[in-house]
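Colleague: I would like to learn how to read the features of a model like this one. Please take me through them one at a time.

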Amino acid sequence: YRGLRHAIAVATTKEEERQAHLRESFRDILRKQRIRTVYQPIFQLEHLDVFGHEALTRGPADTAFESPELLFQFAAENEAVWELEQLCLTSSASHYAAQAGGLLFINVEAETITALSRSGPEAVPALFAQKHPIVLEVTERSAIRDVAVFRNALTTLRQLGFRIAIDDAGSGYASLQAIAELRPDYIKVANTLITGLRSDSIK
């Protein structure tokens, strides 16, 4: 029994040390803006012209936070999503240098839509100063708590020139109901619904 208690105490201490190290690494990323943005081209299938680009965030290479999924998951667990979103939005907008006319797609959490509509250009100056048309992709990671408030936020952002997309439609919270309620300009269908399309009559 004493050996078991000792093992539990050691394991708990190690986990606490690991979490403390992760928190310090995460705060260091925010402080030093240690993220990078890559741009994935989106093509028109008819003639293979570039239609726009999707901005994708990556954490520091060879670290636990290189994966954006882990980065945002840790931010959510530590109530720092808005700080991370501001950093990602700033990087996505300020480093984009495609030819005029192309759309820039940027993933955002549902709560970020509300925060952007409320704070305006002061929140992320580079985003509002970007000359390319910007499409804000609402991700499916979290539910929309108040649809009416969210719709009003979308209206405000549309009036400021933004377009709206539903990301990964058909998975998570990105349901048909969400599409009907939010009336997006673009719908990005989840990859799982498209893979094997030609051999699956239901898809």
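Colleague: Let me begin in the middle of the chain: which elements cover the buried residues of helix 4?

Modeller: The cover over the buried residues of helix 4 includes helix 3 (81-94), strand 3, helix 5, strand 4 and helix 6 (147-159). A contact here means heavy atoms within 4.5 Å, and buried means under 20% relative accessible area, exposed over 50%, and partly exposed in between, with a 1.4 Å probe and protein chains only. Helices (H or I, at least four residues) and strands (E, at least two) are DSSP runs, numbered from the N terminus. Please keep in mind that this is a predicted model: local features need pLDDT of at least 70, side-chain atom pairs count only at pLDDT 80 or more, and totals for chains, interfaces and linings use all residues. Residues are numbered from 1 along each chain as its sequence is written, and side-chain values use heavy atoms, with hydrogens and water left out.

Colleague: Which residues of helix 4 are the buried ones?

Modeller: A general rule helps first. An α-helix has 3.6 residues a turn, so residues three or four places apart point the same way. In helix 4, which spans residues 110-119, the buried residues are A110, T112, I113, A115 and L116. Just after helix 4 comes G120, with a positive phi near 70°.

Colleague: Now the overall layout, please. How many helices and strands are there in the chain?

Modeller: The chain has 8 helices and 6 strands. Read from the N terminus, their order is α-β-β-α-α-β-α-α-β-α-β-α-β-α. Along the principal axes, the C-alpha atoms fill a box of roughly 70 × 45 × 35 Å. Of the 203 residues, 35% are buried. Among contacts with a separation of 6 or more, 62% join residues 24 or more positions apart.

Colleague: And what do the surface and the charges look like?

Modeller: The accessible surface comes to about 12400 Å², and carbon and sulfur atoms hold 53% of that area. Such areas come from the Shrake-Rupley method with a 1.4 Å probe; for residues, only the protein chains shown count as cover. For charges, Lys and Arg count as positive, Asp and Glu as negative, while His and the chain ends are not counted. Each charge is placed at NZ of Lys, CZ of Arg, CG of Asp or CD of Glu. The chain carries 22 positive and 26 negative charges, and their mean positions are 3 Å apart.

Colleague: Turning to strands, do show me how to read pairing. In what sense do strand 1 and strand 2 run?

Modeller: Two strands pair if DSSP finds at least two bridges between them. Strand 1 (residues 36-43) is antiparallel to strand 2, with 8 bridges joining them. The two form a hairpin with 6 residues between them, and L48 in that turn has a positive phi of about 60°. Strand 2 also pairs with strand 3 (residues 103-108), in the parallel sense over 4 bridges. There, H53 has L104 of strand 3 as its bridge partner.

Colleague: E54 caught my eye in strand 2. Is E54 buried or exposed?

Modeller: E54 counts as buried because its relative accessibility is 9%. Strand 2 covers residues 50-58 and includes E54, and Q40 stands opposite E54. The E54 side chain makes a polar contact with the side chain of K188 at 2.9 Å. A polar contact is a pair of N or O atoms within 3.5 Å; within protein, one must be able to donate a hydrogen and the other to accept it, and residues adjacent in sequence count only if both atoms are side-chain atoms. Leaving out residues up to four places away in sequence, E54 touches V38, Y39, Q40, I42, F105, N107, E137 and K188.

Colleague: Which side chain does the side chain of H132 contact?

Modeller: The H132 side chain makes a polar contact with the side chain of Q130, at 2.7 Å. H132 sits in the loop between helix 5 (125-129) and strand 4 (134-138), and counts as buried at 12% relative accessibility.

Colleague: Last one: where are the non-glycine residues Q33 and E79, with their positive phi?

Modeller: Q33, with phi of about 55°, is in the loop between helix 1 (2-32) and strand 1. E79, with phi of about 50°, lies in the loop between helix 2 (68-77) and helix 3. Q33 is exposed at 56% relative accessible area, and E79 counts as exposed at 75% relative accessibility.
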